[in-house]
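Please open the model in your viewer and keep the sequence panel beside it, since this tour moves from one selection to the next.

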Amino acid sequence: MAASPGLSGAPATLRRVAWTVPEWPWLVLASGAWVALAAHAAHARPAVAWPVMVVAMMVPAALPILRAISLEGLWSRRYRAPAIFLASYVAIWSLFGVLALGAWALASDDGADRHAHLVMAAILLAAAGWQVTRPHRRALKRCHRRRPVGVRGLAADRACAGYGAYHARQCVVTCWPLMLAMAPAHLPVLMAA
């Protein structure tokens with residue numbers, strides 16, 4: 001039985017996509033995180049949902065960097081180098097999440113839980129004000145700086161991890177008020193906005 005014309009070219013097409021779009025695994029990862037958050041938003045614990053939210057929100061913003069790292073490195077490191085970058089990037093954001101969740105836990109111990117919506121509104125107003133400040137603009141410019149990641153070996157792995165940590169630190173400085181507001185409840189509407 002002959003293969004149908006639509007299926008006969010599928011492996012070559014998939015290979016071509018993998019060659020020309022090396023960031024596809026990270027896009028799939030981010031999409032899966034969005035699906036997981038949407039499916040479990042009502043009953044997910046913030047400490048568990050934070051890393052998933054980071055992947056859903058921050059990986060799409062890092063896709064151009066992940067693509068560049070993939071294309072500039074050796075073929076054998078096409079997925080390894082961006083994975084190291086991403087692991088470091090998500091680790092820094094997860095550390096921020098621990099601090100943010102801790103701050104919210106301290107605030108709720110003081111009875112601020114009754115006024116959580118007011119606190120969140122105040123943080124969102126602060127986030128809006130932060131967007132127009134000079135330190136925010138400087139951090140945003142640093143987010144777009146490129147750093148060399150090396151070609152092979154342990155030095156390249158360390159460079160990828162360092163670049164991921166550097167980029168995450170700049171992103172944290174840029175986005176901390178908005179992410180702080182999302183720490184107690186990962187609302188998909190707020191995340192999409």
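Begin by selecting V17, V21, W24, V28 and Y79, which together make up a nonpolar patch on the surface of this predicted model, with a combined accessible area of about 400 Å². Within that selection, centre on V17, which belongs to helix α2, spanning residues 10-20; V17 is classed as partly exposed because its relative accessibility is 38%.

Next, go to R77, which sits in the loop that links α4 (46-72) and α5 (80-109). Is R77 buried or exposed? R77 is buried, because its relative accessible area is 7%, which falls under the 20% cut-off for that class. If you display its surroundings and set aside residues up to four places away in sequence, you will find R77 touching P82, V151, R152, G153, A156, D157 and C160.

From that list of contacts, select D157, a residue of helix α8, which runs over residues 153-182. D157 is likewise buried, with a relative accessible area of 10%. Leaving out neighbours within four places in sequence, the contacts of D157 are R77, R80 and I84, so that the pairing with R77 can be followed from either side.

Finally, return to the surface and select R134, R137, R138 and K141, which form a positive patch there. Among them, R137 is a good residue to centre on: R137 lies in helix α7, covering residues 134-143, and is partly exposed, with a relative accessible area of 42%.

Conventions:
Residues numbered from 1 in each chain as written. Predicted model: local features only at pLDDT ≥ 70, side-chain atom pairs only at ≥ 80, totals over all residues. Heavy atoms only, no water. Patch = residues over 30% accessible without salt bridge, like charges linked within 9 Å, V, L, I, M, F, W, Y side chains within 5 Å. Areas by Shrake-Rupley, 256 points an atom, 1.4 Å probe, with all protein chains shown as cover. Salt bridge = Lys/Arg side-chain N within 4 Å of Asp/Glu carboxyl O. Lys, Arg positive; Asp, Glu negative; His and termini not counted. Charge placed at Lys NZ, Arg CZ, Asp CG, Glu CD. Helix = DSSP H or I, 4+ residues; strand = E, 2+ residues; numbered from the N terminus. Buried < 20%, exposed > 50% of the residue type's maximum accessible area, 1.4 Å probe, protein only. Contact = heavy atoms within 4.5 Å.
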